[in-house]
Amino acid sequence: SGLTTANAPQGVGITCSSFQQPVAVPSYLIALVVGHLEKRELSPRCAVWCEPERCEAAAHEFAEVESFLTTAEKICGPYVWGRYDILLLPGSFPYGGMENPCLTFATPTLLAGDRSNVNVIAHEIAHSWTGNLVGVASWEDFWLNEGFTVYIERLIMAQLEGPESFDFNAMLEWTHLKTDVERYGLEHPYTCLRPNLSGGVDPDDAFSSVPYEKGFNLLNALRPVVGGQEAFLGWLRAYLRDFAGQSITTPQFHAHLLSYFRAANPAASEKLAQVDWAKWIDAPGMPPYDPKFASVLADRCKELVQLWLKSGPTGRSIADLQGWNTKQVCFFLDSFAESGAELPAGLAAQLGEAYGLARSGNAEILFRWLSLYLKQKLREPAVIAKLQEFITSQGRMKFVRPLYRLYAEVDSAAACALFQAHRHRYHAIAQKMLARDLKLES
């Protein structure tokens, strides 16, 4: 998490490397990497590092990272960290990415071959401002890192993919947020934007999409209140400038927002005073507003869902998905649960056959299809074998935790035995959380 200043030979096969980080960072962002790594340059200030056998695939997947970084600078201001490199970690890495300064850690589950999952890199780039440049004083304020970063990530992707993607991606993750809130319970304190973690609460226990998506939705709700996107971005840049190099709290964010608009736009300031801040920040449950997201991309997915619910597999083929991107396929699969309809028995198997989902090389698609399959309590041996392969070949908690929980609902003994047999291959945090999910540990 620094810039290389020297590589000095110290004898046969030994080199002493020195690093410097001139920008102040919180201690949790200090990271070291040791391994058999090769480097592929992506631009004068960007590169990818990984084990030799994955270098070409990684260089292809992340080839557009410079455009992400340039776009982020247009939104947030100058990139102060010098280099932006990516390290592709082994499959046991439990997260999508980790925003260590100068060197983002990334999961190999991003390698889809078609650059369809690289929004994770846009997210980690956004952290260069929100999380790294402006940090948080405690994990109770974690949403200041993640909610802001999701907002900036979606602005980056909207500029690169078109404005349609902003609402579409927000709709896709709104479903994820609902799932997490329902799993905890609508009144559970971990569904608060600023949860109370006093008394020795492990922050890992409270980790979910809540700080990401509830935080994003608060910022998205504030945008029209303060006068639209340009007014909001004017404040965002001032926020990043004024708090650079500091770790702050939610009250500091709130005070800065009110102070800025009292001076810049008194009418907006009056509207901000009417926001129910207590409900947004400290009340449990879903965000207290109707986001009114609109997307033609989402409408097409919902139309195909209705065709399946009405007519089943009759007339369906891979041609249905022609021209779709990965996120549309994900939204389509998520929308069956959101439809509120009773799903036909065997639907997941029929979807898999019609669209070749079991053969998908995209982890996001495979995860959603396997989730739907398990929710229908199906047990085809070939699919269960695919499930087992997927959740033991990588340890990204976004995928393995929900799938192990669902597998346990179908066959608890088999799920627990699989985890115990492969436990040593997961990261320590994933081991801990999976053991709790499977009720093997308290």
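**Exercise 1. Which strand pairs with strand 5 in the parallel sense over four bridges, at residues 103–106?**

Step 1. Strand 7 (residues 103–106) pairs with strand 5 in the parallel sense, over four bridges. Helices (H or I, at least four residues) and strands (E, at least two) are DSSP runs, numbered from the N terminus, and two strands pair if DSSP finds at least two bridges between them.

Step 2. Look for one bridge: Leu87 has Phe105 of strand 7 as its partner.

Step 3. Strand 4 (residues 46–50) also pairs with strand 5 in the parallel sense, again over four bridges. Here Cys46 stands opposite Tyr84 of strand 5.

A note before going on: this is a predicted model, where local features need pLDDT of at least 70, side-chain atom pairs count only at pLDDT 80 or more, and totals for chains, interfaces and linings use all residues. Residues are numbered from 1 along each chain as its sequence is written, and side-chain values use heavy atoms, leaving out hydrogens and water.

**Exercise 2. Find how many residues of strand 5 are buried.**

Step 1. Buried means under 20% relative accessible area (1.4 Å probe, protein chains only).

Step 2. In strand 5 (residues 84–88), five of five residues are buried.

Step 3. Now sort them by side. In a regular strand, side chains alternate between the two faces of the sheet. Tyr84, Ile86 and Leu88 lie on one side, Asp85 and Leu87 on the other, and both faces are covered.

**Exercise 3. Place strand 5 in the whole protein.**

Step 1. The protein has 18 helices and nine strands.

Step 2. Of its 442 residues, 53% are buried.

Terms used. Buried means under 20% relative accessible area, exposed over 50%, partly exposed in between (1.4 Å probe, protein chains only).
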